[in-house]
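Dear colleague,

Here is the structure I said I would pass on. My notes on its strands and sheets come after it.

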Amino acid sequence: MEVVIAPVAELAVLAADAVDALLRRKPTAVLGLATGSSPLRVYDELARRHDEEGLSFDRARGFMLDEYVGLTVDHPQRYRNVIERVIASRVGWDPAAVRGPDGLADDLPAACAAYEQEIAAAGGVDVQLLGIGTDGHIAFNEPGSSLASRTRIKTLTEQTRADNARFFDGDVDRVPRHCLTEGLGTIMEARHLVLLATGRGKAEAVHHLVEGPISALWPATIIQMHPHATVLVDDAAACRLQLADYYRQTYRNKPAWQSL
Ligand code: GLP
């Protein structure tokens with residue numbers, strides 16, 4: 001696991017660099033897309049590079065991590081609509097090339113199984129962007145999730161519903177109770193994981209993620225087992241890392257030829 005501690009703007013550029021390099025090397029790349037506020041600056045940077053530097057998403061495909069169950073097709077917080085707004089429409093991505101679990105399916109378990117098959121049929125995810133919840137979830141794999149889980153229905157914790165109420169006019173009662181989410185086993189199959197976390201509110205989750213024992217209580221800890229995981233954090237999110245000085249020193253002395 002590589003841990004980079006840097007200012008927020010620099011983190012976004014680093015994550016965008018990883019996507020940019022992938023798309024130029026492999027125009028048919030499969031990108032794993034996260035919602036939440038953490039990747040927004042990355043999407044801004046990718047949209048800028050699309051507009052100003054000719055970065056093309058035309059042949060790429062996207063797979064979303066998760067989706068709320070039951071939000072109507074036109075609901076602004078339906079993750080399908082969020083992703084369309086924050087990235088897909090800004091880089092001229094064909095809506096059909098971006099897929100997500102179907103939170104409106106009559107048969108939700110079947111929709112989850114179909115989603116797994118779609119990801120596999122696309123050849124798997126090349127770069128997976130991730131945020132982290134304050135309770136240590138990635139995608140919507142809440143504490144207690146099986147470390148080998150696949151796409152399935154999950155019940156959101158009250159903590160996550162309270163955290164996400166800000167996207168629902170501050171009204172926790174409007175935050176759905178259920179979601180469909182890629183499992184931890186699904187996420188672990190992506191070839192490169194890029195996780196972003198900023199702000200003091202993420203410090204405890206980041207501490208567990210990077211230095212804690214691997215445990216279903218802090219689901220993000222499973223990425224310690226990934227052969228290519230990059231964790232991008234600002235000073236505030238890094239404030240509880242025991243080896244912070246070592247991570248800083250490593251990044252400062254990183255050979256120029258070595259990319260993320
Ligand atoms: C949400 C999403 C996650 C996201 C997390 C953190 O619940 N399902 O994919 O990483 O919360 O969100 P934020 O980046 O807004 O802090």
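The notes below cover two sheets and the strand pairs within them. Please keep in mind that this is a predicted model.

Seven-stranded sheet

One open sheet has seven strands, arranged β1-β10-β9-β6-β2-β3-β5, and its pairing is parallel. The edge positions are taken by β1 (2-5) and β5 (98-99); each has a single partner strand, so one side of each is left without a neighbour in the sheet. Within this sheet, β2 (residues 30-33) pairs with β6 (residues 127-130) in the parallel sense, over two bridges. In that pair, Leu31 lies opposite Val127 of β6.

Three-stranded sheet

The other open sheet described here is formed by three strands in the order β4-β8-β7, with antiparallel pairing. Its edges are β4 (66-68) and β7 (152-155), and because each has a single partner strand, one side of each is left without a neighbour in the sheet. On average, neighbouring strands of this sheet are turned by 30° against each other, direction ignored.

The pairing of β7 with β8 (residues 178-181) is antiparallel and consists of four bridges. Here Thr155 stands opposite His178, which belongs to β8. A helix also packs on this sheet: α4 (residues 108-121) touches both β7 and β8. The direction of α4 makes about 120° with that of β7.

Regards

Definitions and conventions:
Residues numbered from 1 in each chain as written. Predicted model: local features only at pLDDT ≥ 70, side-chain atom pairs only at ≥ 80, totals over all residues. Heavy atoms only, no water. Pairing = 2+ DSSP bridges. Axes fitted to C-alpha atoms, helices over the stretch in contact; angles between N-to-C directions. Contact = heavy atoms within 4.5 Å.
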